[in-house]
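Hi everyone, thanks for making the time. Let me put the structure up on the screen, and then we can walk through it together.

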Amino acid sequence: MDARILLSSFFLSIACFSHTDDQGVGILTHATETSVTARVFASEPPQSVEDRVSEIKKWYAEVQKLGIRNCKTYRTTKKDGLTPDNQFPFDQEVKVCRLNDRYELIQGKLLGYEWGETVNIYKRDAKVFFVFVEGGAEAFLYENRYYCDRDETVIRHLQKESEGGDDLSKAANKQVKLPVGRTAVYKYVSETFERVDEVMKAGK
């Protein structure tokens, strides 16, 4: 399996990541932007990318101070293997932690045949503002940081990679060129979000 995150093409609609109750189709769903949300964004002063990233770093620090609390855990097992005839069970886990009335953290520990991935999705006022993904496959290791604008579109993607046993912590962060247009984080990191969604649906 290729551990690299696949980039999506130009995405016209803006997505919203929301929870549904047990009667809903899924716990994590995509929905299009409402006109109310659009008016809220329009009323806020414009931000540069650097200003937004600084704001995100401030919120990230606030989350770190709060610590992990009020978590609901979803667990399931998924089979994976080199071939359809050689499948092995791997434990999957996702925690949804409501840290306070503003912040929520979704943590995923996802495993497969010769690969593993840890996901941290940070939300403020029900909007994703930052996603951190780290993992590896065989001798390949990676970290990806996704910074999101007010409408949950990706405005900066930083990536670290190492191969052949090299120390990932010594690798330099590289800024990945974003696709043309504004791409919602759910589409930009669709494979990872779909894995988290699957665990929450199966483990609820």
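Let's begin at a turn: strands E3 and E4 are connected by a hairpin of two residues. Before I go further, a word on what you are looking at. This is a predicted model, where local features need pLDDT of at least 70 and side-chain atom pairs count only at pLDDT 80 or more, while totals for chains, interfaces and linings use all residues. Residues are numbered from 1 along each chain as its sequence is written, and side-chain values use heavy atoms, with hydrogens and water left out.

Now the overall layout. The chain has four helices and 10 strands; these are DSSP runs numbered from the N terminus, with helices being H or I of at least four residues and strands being E of at least two. Along the sequence, the pattern reads β-β-α-α-β-β-β-β-β-β-β-β-α-α.

Eight of those strands form an open sheet, in the order E3-E4-E5-E6-E7-E8-E9-E10, with antiparallel pairing. Which strands stand at the edges? They are E3 and E10 (174-175), each with a single partner strand, so one side of each has no neighbour in the sheet. For pairing, we ask that DSSP finds at least two bridges between two strands. As a reminder, strands of a sheet pair through backbone hydrogen bonds, either parallel or antiparallel.

Back to that hairpin, then. E3 covers residues 71-83 and E4 covers residues 86-98, and 11 bridges hold this antiparallel pair together. If you want a register marker, Thr77 stands opposite Asp91 in E4. On to the following pair: E4 and E5 (residues 103-112) are also antiparallel, joined by six bridges, and the hairpin between them has four residues. Here you can find Lys95 opposite Gln107 in E5, and Val96 has Ile106 in E5 as its bridge partner.

What lies across the sheet? Helix H2 (residues 49-66) crosses E5, E6 (115-124), E7 (127-137), E8 (140-148) and E9 (154-163), at about 75° to E7. Helix H4 (residues 190-203) lies across E3, E4, E5, E6 and E7, and its angle to E3 is about 115°. The axes behind those angles are lines fitted to C-alpha atoms, for helices over the stretch in contact, and the angles run from 0 to 180 degrees between N-to-C directions. Contact here means heavy atoms within 4.5 Å. On that basis, of the contacts between residues at least 6 apart in sequence, 48% join residues at least 24 apart.

Next, the cysteines. Which two are joined by a disulfide? Cys71 and Cys97 are, with an S to S distance of 2.0 Å; the rule is a pair of cysteine sulfur atoms within 2.5 Å, and by it the count is one disulfide. The pair links distant parts of the chain, with Cys71 in strand E3 and Cys97 in strand E4, 26 residues apart. The torsion about the S-S bond of Cys71 and Cys97 is about 105°, so this disulfide is right-handed.

Are these cysteines buried or exposed? Cys71 is partly exposed at 33% relative accessibility, whereas Cys97 is buried at 0%. Cys148 is buried too, at 0%. Buried means under 20% relative accessible area, exposed over 50%, and partly exposed in between, using a 1.4 Å probe and protein chains only. Buried residues make up 42% of the 204 in the chain.

Finally, the rings. There are 11 aromatic pairs. Rings of Phe, Tyr and Trp (its six-membered ring) pair if their centres lie within 6.5 Å, and planes under 30 degrees apart are stacked, over 60 edge-to-face, and the rest tilted. Take Tyr60 and Phe130: the centres are 5.8 Å apart and the planes at 85°, so this pair is edge-to-face. Tyr60 lies in helix H2 and Phe130 in strand E7, so the pair ties together parts that are 70 residues apart in sequence. Tyr60 is partly exposed at 32% relative accessible area, and Phe130 is buried at 5%. Tyr122 and Phe129 have ring centres 6.2 Å apart and planes at 50°, so that pair is tilted; both residues are buried.

And to end on the wider picture: ring pairs link Trp59, Tyr60, Tyr103, Tyr122, Phe129, Phe130 and Tyr147 into a cluster. Thanks, everyone!
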